Amino acid sequence: MLQTASVILDIPTQSLDAPYTYALEEGCAADGEPVEVGCAVLVPLGSRKAIGFVIEVNDFEEEGACPVEAGKLKGVEKVLAGPYFDEEGAACAQFLADRYIAPLSSCIRLFAPPGGVPHLVSGPYGQRVEAPAVGEVEERWAVLTAEGADFQPRSTAVKQLRLLEALKAEGGQCRVADLAERIGDVSGPLKTLADKGVVVVERRRRLRAPIQAEPFQLAPAPELLPDQLQALQVIEEARAAQDGHVVVLDGVTGSGKTEVYLQAISSVIAEGRTAIVLVPEISLTPQTVGRFRSRFGDRVAVMHSRMSAGERFDQWQLIQEGGADVVVGARSALFAPLANVGLIVIDEEHESTYKQESAPRYRAVDVALWMMGRSGGTVVLGSATPSIDTMERLGRDERWHHALMPRRTNGRPLPPVRIVDMAHEFSSGSRSMFSGALKSALAETLGAGRKAVLLLNQRGFAKFLLCRDCGFVPTCPSCATSLTYHEHGSKLACHHCGYTAPVPATCPECGSPYLKKFGAGTQRVEADLRVLLDSMPEAGPGVPIVRMDADTTRFKGAHQQLLDAFAAAPRAVLLGTQMIAKGLDFDDVSLVGVINADTQLNLPDFRSAERTFGLIEQVAGRAGRGEIPGQVLVQTYEPQSPAIVAAARYARDWFVSGELQKRRMFGYPPYVRMANVLVWGPDEEQVKAVAAQVHGELAQLLRDQVGDRWQLLAPVPCVLEKLRGAHRWHIVVKCPQTDDISPLLLRYFRTRKPDKRANVAVDVDPLDLL
């Protein structure tokens, strides 16, 4: 009988993306270790060696049944680690590679422990295997033996006496490091006592506790309110189908969605299955994780990028060893080695952070649907503002179910939203970024000893023109998106269709000369806000401003420290970017202000209106969560914008209906499938040439295979034309909603040879085209 292993080499390139076949000796490598699916192995590759992952082990009763001649097969030399994944993990990696046109090795790496994969290093004496950068951590423990319990050292052996006293006080065992901290250097007396059999020094595994690991107390499940009960019933009916059904948990902010998640997970665990809960990275606070641990104890594991590599490795291993029933984490938690998953909850499902920005560019929602479709589990998509794609599918797919939670658990209404016309403020002579209405609301809120949240709706690359007199923004006549301002050449350009226009000297609508680039950074806003508060009799220098943005939260634990500071202050202002729009639950916040609603609204992207609507709805939910009524002020130069008017009225159905009509008219998702082909490199002309070549080859392929049913847009510069020294162009491919966009593109990019002039990658189902 011939045994073989199919191995994917750990080399992230499309040209080496098919499995290589290697021979096994009675199911083992040359070193005698058994080879299983998921193992990292050392294999020969020509005259060199390579590390790969086993995705399949085959037995052939007759050598002739093997597709490769047995005599030509080389053997697996060594098993290095693992197994990291099973056959289902290998199938998922293949799904990711095919759907998102990504190197299979990059997809397989998603299932490996963080920092725990060995790698090859080349040196003057050839190649050598280097151990993983992260591994288990051990520490020494001193344990008092039964014979040593009555041992009495000499009266002059002071350290031995103190060491034994400390051990007895700790129940007979203690970490050597703790003993040294109390007594000083204990190596000498510890060795003496060990030689006499009084103590035994043991090495024990130490789990590095993630920052979320706070003390918890188990709490019983509370009685559910009627909306929660109804939502839970919808989830239970979907689970009973055991066929990959989806529940959209559509609940306003403060409606108690988390408690519904918890009780659904309890039912799953009672049936012997497990659950994964995905939460946006920024919402993974100790309080969030604490709610799950208070219900499920230490059977909850945590996975996210703010943990150290060692902490993530320990959590990964804890999960693999069966030590967790629930995994709470960011999108990568989907690939944790959790067995028998029966439920995947994706909280705030509309969030863009569930889309991976580098290969493989997967969407967590789509991967979760694939996983639960195969295992007969259920996916719950929770949000106060479900995405338009989700709402559209909900209306046409019978396996998708709607669970509506329209009321807050405290019975209080959602806070009223007031739109402030900044163009009117400007024409009245005000040059401040804070309107008169917002100043008055801040003074009233802080004077009453309460707190305010101010959102700076910022995207650092939002380069559009806006008339401060009338609010006019130049838009593309063909694509219904704003035109991007380019300083070089002083022009406006559409990054969807390539339309260009010169920058007008004055506003085409009202003739005002105040047609300027729009936007201000958080530091500038903080400085102006400080001056404003200091001048207020109701506030003054004693009112702290807590700023939360990419700069202030880049260090580990900084996010939580800033929130703690805001919570501890008797009155304060929290100023931040999009990260403060969700996950904040403070009963004493009575004012929310959106400083500039237009920044995201006027991005040259087809989802900009949806994101603006969702952001206002989300941040509005931060006000009035307790007994104190709340209010929301939205400053904008476009007070008639459907997204802003709908958000102020909480009129989501009206907004979604209009947005879907626009998407259908202009050919955008969810009515089409899209792929964004990215081309980038150091030389702009070469990038342009490669983009033109790829466009020509794709045009020929589409003509031959699908005729004119698909649409291929001309190559144009990206909105971010240059990023980290690389010039960027892109090509957009569109196909009907019912077509699968991946197979045709996969065939082209798998066979396309790399071009030294520029890099090329594909983003299937992109969230934006920036």
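Start by selecting Asp 765 in this predicted model: with a relative accessible area of 12%, Asp 765 is buried, because the cut-off for that label is under 20%. Now look at the backbone of Asp 765: phi is positive, at about 55°, although the residue is not a glycine. To get your bearings, colour β33 (759-764); Asp 765 sits in the segment after that strand.

Next, go to Gln 242. Here too you will find a residue that is not a glycine with a positive phi, in this case about 50°. Show α6 (226-241) and β11 (246-251), and you will see Gln 242 in the loop between them. Is Gln 242 buried or exposed? Its relative accessibility is 60%, so Gln 242 counts as exposed, the cut-off being over 50%.

From here the tour turns to peptide bonds. Select Ala 359 and Pro 360 together and display the backbone atoms: the bond that joins these two residues is cis, with omega about -5°. Which elements flank Pro 360? Highlight β15 (341-347) on one side and α10 (364-375) on the other; Pro 360 belongs to the loop between them.

For the last stop, pick Pro 669 and Pro 670. The peptide bond running from Pro 669 to Pro 670 is cis as well, and its omega is near 15°. Where should you look for Pro 670? Bring up α19 (652-666) and β29 (672-681), then follow the loop between this helix and this strand, where Pro 670 has its place.

Terms used. Residues are numbered from 1 along each chain as its sequence is written. This is a predicted model: local features need pLDDT of at least 70, side-chain atom pairs count only at pLDDT 80 or more; totals for chains, interfaces and linings use all residues. Side-chain values use heavy atoms; hydrogens and water are left out. Helices (H or I, at least four residues) and strands (E, at least two) are DSSP runs, numbered from the N terminus. Buried means under 20% relative accessible area, exposed over 50%, partly exposed in between (1.4 Å probe, protein chains only).
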